[in-house]
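User: Please pick one part of this structure and look at it closely. I would like to know what surrounds it and how it is tied to the rest of the chain.

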Amino acid sequence: MTAVSVVVPTRDQASRLEATLHAFTRQDAPPGGWEIVVVNDGSSDTTADVLRAAARHLPLRAVHTSGEGRAAARNTGVRTAEGEVVVFCDGDRAPVPGYVRAHAHAHVDGGRRVVVGDVKELYLSGFEERLAEIKELLTVDGEALRRRSRTPMFVKKVCDVYDTSGRTVSPVRWLSFLSGNVSLRRDLYDRVGGFDESFSGWGLEHLELGYRLVAHGSAFLHCAAARNDHFAHGRPVGFYRASLESSAARFERKHPEVPARLLLALTLDGMSLTEFEKAVTEFAEPASVHEDEPARQER
């Protein structure tokens, strides 16, 4: 069995996906081998061409879906994957050299563990026009490129739960389950039921899965060596608020002990992590679920 499967969902981001896959050519394989499963979720651009070209240089398999959303795309990727450890890396994030090995090493002793990688944000103007230059930098001087990046404010906020060793026992550690760079063992993913596909748009489907993982008793570990850099890109005006309002309402319907107003205050309106934890203190540790009881997926 393959040791590690990297699941990469993508939709209509061909240039950023090309740079991401190019960065994966700089990886050294972990013991037991690895693969990349790219889920092309209804792209109408040149993504299919990018995948065909990348497959000549990477242990890559492409899966094509019809625009069902990020949660469904990731679940499809895991069903296709053969690895004992599943790493999620979005299709617009460049992994540093050693990224796959770092995730694999963090799971070497097994167990119910979620490994949260280090997330940075990289702002590059004229990305499509500069794609060749960016790929060249990733090849010959990736560190110079990475020095331009910074830690996003929300990532800094939710990862404040980790100590200097990368460990945490915080009851709200689920807030750091950032699906653009996170890993867990396949059997743990299957036991909790994967992503809830009723979260069809951009939003909080990753935090909802993190919430269930905490309910299942999962330990969380932050791994600085498992870093990727997000190629930042714009969104339409009002996109984040509208998407998060819809997603937070669905989260509350599923988990009434976590009010949507608090999720929105945390993600949009400047509430601190300490304030959030205090506000949900009486429900901070999600009710445990039975080990053989998969999470219900609402459709």
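Analyst: A residue counts here as buried when its relative accessible area is under 20%, as exposed when that area is over 50%, and as partly exposed in between. The model is predicted. The part chosen is helix 9, which spans residues 205-215.

Helix 9 is mostly covered, with eleven of its eleven residues buried. Its buried residues are Glu205, His206, Leu207, Glu208, Leu209, Gly210, Tyr211, Arg212, Leu213, Val214 and Ala215. What do the buried residues of helix 9 pack against? Their partners are helix 3 (70-80), helix 8 (186-192) and helix 10 (239-254), together with strand 6 (113-122), strand 8 and strand 9 (219-231). Just after the helix comes glycine 217, whose phi is positive, at about 90°.

At residue 205, helix 9 has a charged link to another helix. Glutamate 205 forms a salt bridge with arginine 70, with 2.7 Å from N to O. Because glutamate 205 belongs to helix 9 and arginine 70 to helix 3, this pair ties together parts that are 135 residues apart in sequence. The two partners can be placed by their accessibility. Glutamate 205 has a relative accessibility of 0%, so it counts as buried. Arginine 70 has 22%, which is not under 20%, and it therefore counts as partly exposed. The pair also belongs to a network of salt bridges that links Arg70, Arg74, Asp90, Arg93 and Glu205. A search of the whole structure gives 22 salt bridges.

Helix 3, on the other side of that pair, is mostly covered as well: eight of its eleven residues are buried. They are Ala71, Ala72, Ala73, Arg74, Asn75, Thr76, Gly77 and Val78. Arg74 is thus both a buried residue of helix 3 and a member of the salt-bridge network. The cover over the buried residues of helix 3 includes helix 8 and helix 9, along with strand 1 (4-10), strand 2 (34-41), strand 3 (60-65) and strand 4 (85-89).

Another salt bridge to helix 3 starts from the loop that precedes helix 9. Glutamate 197 pairs with arginine 79, and their closest N and O atoms are 4.0 Å apart. Since glutamate 197 sits in the loop between helix 8 and helix 9 and arginine 79 in helix 3, the pair ties together parts that are 118 residues apart in sequence. Is each partner buried or exposed? Glutamate 197 is buried, because its relative accessible area is 13%. Arginine 79, at 57% relative accessibility, counts as exposed.

Helix 10, one of the elements that the buried residues of helix 9 pack against, holds a salt bridge of its own. Arginine 241 and glutamate 245 form the pair, with the closest N and O atoms 3.8 Å apart. Both residues lie in helix 10, four residues apart, which is about one turn of the helix. An α-helix has 3.6 residues a turn, so residues three or four places apart point the same way. Arginine 241 is at 39% relative accessibility, between the two cut-offs, and so counts as partly exposed. Glutamate 245 has a relative accessible area of 37%, so this partner is partly exposed too.

Arginine 212 of helix 9 is among the buried residues, and it can be placed relative to a tryptophan elsewhere in the chain. Tryptophan 174 and arginine 212 are 38 residues apart in sequence, and their C-alpha atoms are 8.2 Å apart in space. Tryptophan 174 lies in the loop between strand 7 (167-168) and strand 8 (181-185). Its relative accessible area is 1%, so it is buried.

Finally, the cysteines. How many disulfides does a search of the whole structure find? The count is zero. Cysteine 89 takes part in no disulfide, and the nearest cysteine sulfur, from cysteine 223, is 14 Å away. Cysteine 89 is buried, because its relative accessibility is 0%. Cysteine 223 is likewise in no disulfide, the nearest cysteine sulfur being that of cysteine 159, 12 Å away. Cysteine 223 has a relative accessible area of 14%, so it too is buried.

How values were computed:
Residues are numbered from 1 along each chain as its sequence is written. This is a predicted model: local features need pLDDT of at least 70, side-chain atom pairs count only at pLDDT 80 or more; totals for chains, interfaces and linings use all residues. Side-chain values use heavy atoms; hydrogens and water are left out. Helices (H or I, at least four residues) and strands (E, at least two) are DSSP runs, numbered from the N terminus. Buried means under 20% relative accessible area, exposed over 50%, partly exposed in between (1.4 Å probe, protein chains only). A disulfide is a pair of cysteine sulfur atoms within 2.5 Å. Contact means heavy atoms within 4.5 Å. A salt bridge is a side-chain nitrogen of Lys or Arg within 4 Å of a carboxyl oxygen of Asp or Glu.
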